[in-house]
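Good morning, and thank you for making time for this item. I would ask everyone to look at the chain on the screen before I begin.

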Amino acid sequence: MGQDTVEELTKKLKIQSDIIKGYEKVLRLNEQELANADEIIRMYEQIIDYSRVELREAKETVEASTMVSNLSRDELMSAFDKIKSLEDANRKLREESLKFSKD
């Protein structure tokens, strides 16, 4: 009967050892999953940072384009004003020229 008890205890110890090994495997898998999750989080953070930079650069590009368009519009309006002034001056010169030609 003493040997049965030792055999039973040996079996129990083996079962407990197997259970502990199983828990250790699960723990290692959980640690690996956490490491993978951390890597995924870092990747998403990098994507977010990159997107933030891209968005800021796109906004700056739109602002620069708007400024250039406004400058071009202002220059075009100024050119039209100069053309109109030159046309008016040319018309006046022709009128003056016609007055002198009649005299």
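I shall go from the overall form to the charged side chains, and then to the surface patches.

Please keep in mind throughout that this is a predicted model.

Let me begin with the fold. What does the secondary structure of the protein come to? There is one helix, with zero strands. The radius of gyration is 44 Å, whereas the globule rule gives 13 Å for 103 residues, so the protein is more spread out than a compact globule. The extents of the C-alpha trace express this in another way: along the principal axes they are about 150 × 10 × 5 Å. Helix α1 itself covers residues 2-102.

One pair of serines gives a sense of scale along the chain. Ser97 and Ser65 are 32 residues apart in sequence, and 47 Å separates their C-alpha atoms. Ser97 belongs to helix α1, and its relative accessible area of 40% places Ser97 in the partly exposed class.

I turn now to the surface as a whole. What share of the 103 residues counts as buried? The figure is 0%. The accessible surface amounts to about 10000 Å², and carbon and sulfur atoms account for 61% of that area.

Next, the charges. The protein carries 18 positive and 23 negative charges, and the mean positions of the two sets lie 6 Å apart. As a general point, side chains of opposite charge can pair when their charged atoms come close. How many salt bridges does a search of the whole structure find? It finds seven, and I shall discuss three of them.

The first two that I have chosen share a residue, Arg91. Arg91 meets Asp88 in a salt bridge, with an N to O distance of 3.7 Å. Why are these two separated by about one helical turn? Because Arg91 and Asp88 are three residues apart in helix α1. Arg91 also forms a salt bridge with Glu95, here at 3.4 Å from N to O. Glu95 and Arg91 are four residues apart in helix α1, again about one turn. Taken together, Asp88, Arg91 and Glu95 are linked in a network of salt bridges.

How accessible are the members of this network? Arg91 has a relative accessible area of 37% and is partly exposed. Asp88, at 27%, also counts as partly exposed. For Glu95 the value is 40%, so Glu95 is partly exposed as well.

The remaining salt bridge on my list joins Lys99 to Glu96, with the closest N and O atoms 3.8 Å apart. Both residues lie in helix α1, where three residues, or about one turn, separate Lys99 from Glu96. Glu96 has a relative accessibility of 37% and therefore counts as partly exposed.

I come finally to the two surface patches, one charged and one nonpolar. Which residues form the negative surface patch? They are Glu54, Glu57, Glu60 and Glu63. Of these I single out Glu57, which is located in helix α1. With a relative accessible area of 40%, Glu57 is partly exposed.

The nonpolar patch on the surface consists of Ile40, Tyr44, Ile47 and Ile48. Together these residues present about 410 Å² of accessible area. Tyr44 is likewise placed in helix α1. Is Tyr44 buried or exposed? Tyr44 counts as exposed because its relative accessibility is 53%, and the exposed class begins over 50%.

To summarise, the model shows one helix and zero strands, and a radius of gyration well over the value from the globule rule. Its surface includes a salt-bridge network of Asp88, Arg91 and Glu95, a negative patch that includes Glu57, and a nonpolar patch that includes Tyr44. Thank you for your attention.

Key:
Residues are numbered from 1 along each chain as its sequence is written. This is a predicted model: local features need pLDDT of at least 70, side-chain atom pairs count only at pLDDT 80 or more; totals for chains, interfaces and linings use all residues. Side-chain values use heavy atoms; hydrogens and water are left out. Patches are made of residues with over 30% relative accessible area and no salt bridge: like charges are joined within 9 Å, nonpolar side chains (Val, Leu, Ile, Met, Phe, Trp, Tyr) within 5 Å. Accessible areas come from the Shrake-Rupley method with a 1.4 Å probe; for residues, only the protein chains shown count as cover. A salt bridge is a side-chain nitrogen of Lys or Arg within 4 Å of a carboxyl oxygen of Asp or Glu. Buried means under 20% relative accessible area, exposed over 50%, partly exposed in between (1.4 Å probe, protein chains only). The radius of gyration is taken over C-alpha atoms; the globule rule is 2.2 Å times the number of residues to the power 0.38. Lys and Arg count as positive and Asp and Glu as negative; His and the chain ends are not counted. The place of a charge is taken as NZ of Lys, CZ of Arg, CG of Asp or CD of Glu.
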